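Colleague: Could you take a close look at one part of this structure for me, the sheet in the second chain, and then walk outward from there? I would like one connected account.

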Amino acid sequence: MSDIKINESKQVEDNAEEKEEEKDWAAAKAFFENLKTNKPRPPKPKNAVTIAVSSRTLFNMVAERLIYETEGVESYVAYQVEHENEPLKPGAAFPFVKALMTVNARLRALYPDGEELFDIVLMTNNHAQVGVRLINSINHYGTLAFGFMQNCADLLTIMNFFSDLTIERFCMTGGKSPIGYLKAYMTNLYLSKDAEKVTEAIDEGIAAATMFMPDTENDLCDNQLRVAFDGDAVLFSDESEIIVKQSGLDSFFEHEKKFENKPLAQGPLKCFLEALGKLQRKFYAKNERLDCPIRTFLVTARSAASSGARVLKTLRSWGLEIDEALFLAGAPKGPLLQKIKPHIYFDDQMFHIEGAKELGTISAHVPYGIGQKYHKGKLIEQPKKE
Amino acid sequence: MVSTIANVDVMQKDADKALVVAISCSAVLEDADDGDVYAAGAAFALLQALKSVNRQLVAANPDESLLFDVLLVTTDERRRRQSARIVSSTKHYGLEVSRFCFSGQEDFVECLLENQAQLFLSTEPEEVALASQRGVLSALLGHQTWSSPSEQLRVLLCGDDVVATFTPATQRFWSQLGALRGRFGVLDSPVSVSVMTAHGGRQHFGAILAGLRSRGLKADEAHCLAGAPRGPILEVLRPHFLLGDLAWLP
């Protein structure tokens, strides 16, 4: 009898919370509709694909980071406040975020009332005082866009530029780890420069990667979001990689052939690929497949002949599509990625990340699986834990 | 009639310089089934946090006068008559209450005004409304606040009109809290001030942060929800109390 009562009162509580949520949502909608600028309002988080970016991935804060490391947090905060009207330069995730805005503009044109959009949250453990400089910097890039819009006659260009850097959600934790907030903000993908935080996020089941600035700059596409993924230990689990590392390539090929029809287990970035696919289908539904502003790539060291089939069959069994699958059969990934020019490339092995970086690809390391214990094929000596 | 007595076990603060926080007795001490001692109520953890902040303020500067000055206020007849039990329960738990105010439903607000309370906290919405009407900054405890024990005092200022609806009472509180917060460094502070906007976007959020700063309050943590559901975020933030727009009160 008391169980039923407990369930009932939880129901009442949940209903009350839902009502509150709806009120908040309606108020936010009204706020944006009443703005004099035609700024697009952010989507409803539960329908959106939420990308949480850290301040150091969105902006280049290398100099500021140095102050933090050499002079401590007080000097760092003071410096940021002193310079808060100086916009920061773009960071590794900046082109990716801009490309997300481009996709949003196209989605809004096709589905004016849709909530299935990309949503960006600036998720940082910086203090709110540092946050003022971050907000000012984002405003700076928005203003540039607005100024351009007034001079530009091309409607599509106006749409694309006006959706520049529409970041309206912020989480500044004032020093504590943002990991606790990732789920609260319904994060689908978390990008940071801090490998520890990224590992924590992956352990919590959230797709995450550590971003690296490339050594050179490639010209990126400005009307299509291009995302490249490694296969094993990124989209798929590291089960096959374990076999390579522990038993060698021949065992690996045998195993993959034998289990060709058994789908691999999923990896940490599978859900993000799934989210991209969901948005791609919205374009296909409106006959825009050929002009889809999202393109996905699989860039794997597997070879098409021997171990590639299992990968494609696994994707099919998940109901996921990937636009281009590139099997390198062990060849270096750098040159190929340089041709693809993705806005972001996910790989679990630092060796490949470094190779990609050198040739101008924006890479994101996924610290997952057995690959973390190896470097260039050799087992890394783990320091003895105290 | 209202009577205020000092708690002899606790060092008295200079009410002119301290931050006087009045808390409704029923929020701190709940009826217990047995014995002479009350059970710990919803505001218990808050009191522990206030005590911890005071301790660290004095450790940093023994002559510090900007401390939390806690006033325990009874707001009903029944408790007004239980003064001895209230005082002994306070002593039992080692609560840092400077003064007790034994008043009832009709006159507890007089008590707040006489004692220069800058903030009044209660679990009863009617009490919060009454005090607010008379110009005392008040907040409701319980709905979106947490009572789990914590070393750090966490205050959340929420709402989109928070700067526009500033009153002199609000201003004074925020300047003092800001000054108190300023006694500690950026990290590991025993008091953390968070700001949250629910509906507005980035520009509005930036304006609020700047507006608060110009009024003496530098936020540590800040959230701009722009319509995102606040429940899950509050569960991580776990403020001891919230201040802000009426929209946030249940």
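Modeller: Happily. In this predicted model, strands β1(B) and β6(B) run antiparallel to each other, joined by four bridges. One pair to find on screen is A6(B), whose bridge partner in β6(B) is R99(B). β6(B) also pairs with β5(B), this time in the parallel sense and again over four bridges. R99(B) turns up here too, since L71(B) stands opposite R99(B) in β6(B).

Now look at the side chains of β6(B), residues 99-102. In a regular strand, side chains alternate between the two faces of the sheet. R99(B) and C101(B) point one way, F100(B) and F102(B) point the other way, and all are buried.

Step back to the whole sheet: it is open, has six strands in the order β1-β6-β5-β2-β7-β8 of chain B, and its pairing is mixed. The edges are β1 (3-6) and β8 (138-140) of chain B; each has a single partner strand, so one side of each lacks a neighbour in the sheet. From one strand to the next, the twist averages 20°.

At the β8(B) edge, strand β7 (residues 119-122) of chain B runs parallel to β8(B), and three bridges join them. F120(B) has S138(B) in β8(B) as its bridge partner. Helix α6 (residues 125-133) of chain B lies across β2 (19-24), β7 and β8 of chain B, at about 165° to β8(B). Helix α7 (residues 168-181) of chain B packs on the sheet as well, touching β2, β5 (68-74) and β7 of chain B, with its direction at about 110° to that of β2(B).

Two other places in chain B are worth a visit. Helix α2 (residues 44-60) of chain B has 17 residues, which at 1.5 Å a residue should span 24 Å; the end C-alpha atoms are 25 Å apart, so the two agree. Among the buried residues of α2(B) are F44(B), L47(B), L50(B), V53(B), N54(B) and L57(B). The other place is T197(B), in strand β10 (residues 191-197) of chain B. T197(B) counts as buried because its relative accessibility is 0%. Beyond its neighbours within four places in sequence, T197(B) has contacts that include G159(B), D160(B), H204(B), H223(B) and A226(B). With A226(B), the C-alpha atoms are 7.3 Å apart in space and the residues are 29 apart in sequence.

Chain A offers another strand to look at, β4 (residues 118-124), where seven of seven residues are buried. F118(A), I120(A), L122(A) and T124(A) point one way from β4(A), while D119(A), V121(A) and M123(A) point the other way. β4(A) pairs in the parallel sense with strand β1 (residues 49-53) of chain A over five bridges, and A52(A) stands opposite V121(A) in β4(A). β4(A) also pairs in the parallel sense with strand β5 (residues 169-172) of chain A, over four bridges. There, F170(A) in β5(A) is the bridge partner of L122(A).

Two helix crossings in chain A follow. The axes of helix α5 (residues 94-110) of chain A and helix α12 (residues 270-284) of chain A come within 10 Å and cross at roughly 35°, and the crossing is left-handed. From α5(A) the contact takes F96(A), V103(A), R106(A), L107(A) and L110(A), and from α12(A) it takes F272(A), L279(A), K282(A) and F283(A). Sorted by type, the residues of this contact of α5(A) with α12(A) are seven nonpolar, no polar and two charged.

For helix α10 (residues 239-247) of chain A and helix α11 (residues 249-258) of chain A, the axes come within 7 Å and cross at roughly 145°. The crossing of α10(A) and α11(A) is right-handed. S240(A), I243(A), V244(A) and S247(A) of α10(A) meet L249(A), S251(A), F252(A), H255(A) and E256(A) of α11(A). The residues of this contact of α10(A) with α11(A) divide into four nonpolar, four polar and one charged.

One last stop is E64(A), in helix α3 (residues 62-71) of chain A. E64(A) counts as buried because its relative accessibility is 5%, under the 20% cut-off. Setting aside neighbours within four places in sequence, E64(A) is in contact with Y76(A), Y79(A), Q80(A), L88(A) and R133(A).

Terms used
Residues numbered from 1 in each chain as written. Chains lettered and ligands numbered in written order. Predicted model: local features only at pLDDT ≥ 70, side-chain atom pairs only at ≥ 80, totals over all residues. Heavy atoms only, no water. Buried < 20%, exposed > 50% of the residue type's maximum accessible area, 1.4 Å probe, protein only. Contact = heavy atoms within 4.5 Å. Pairing = 2+ DSSP bridges. Axes fitted to C-alpha atoms, helices over the stretch in contact; angles between N-to-C directions. Expected span 1.5 Å × (residues − 1). Left-handed = near helix turned anticlockwise from the far one by under 90°. Nonpolar A, V, L, I, M, F, W, Y, C, P; charged D, E, K, R; others polar.
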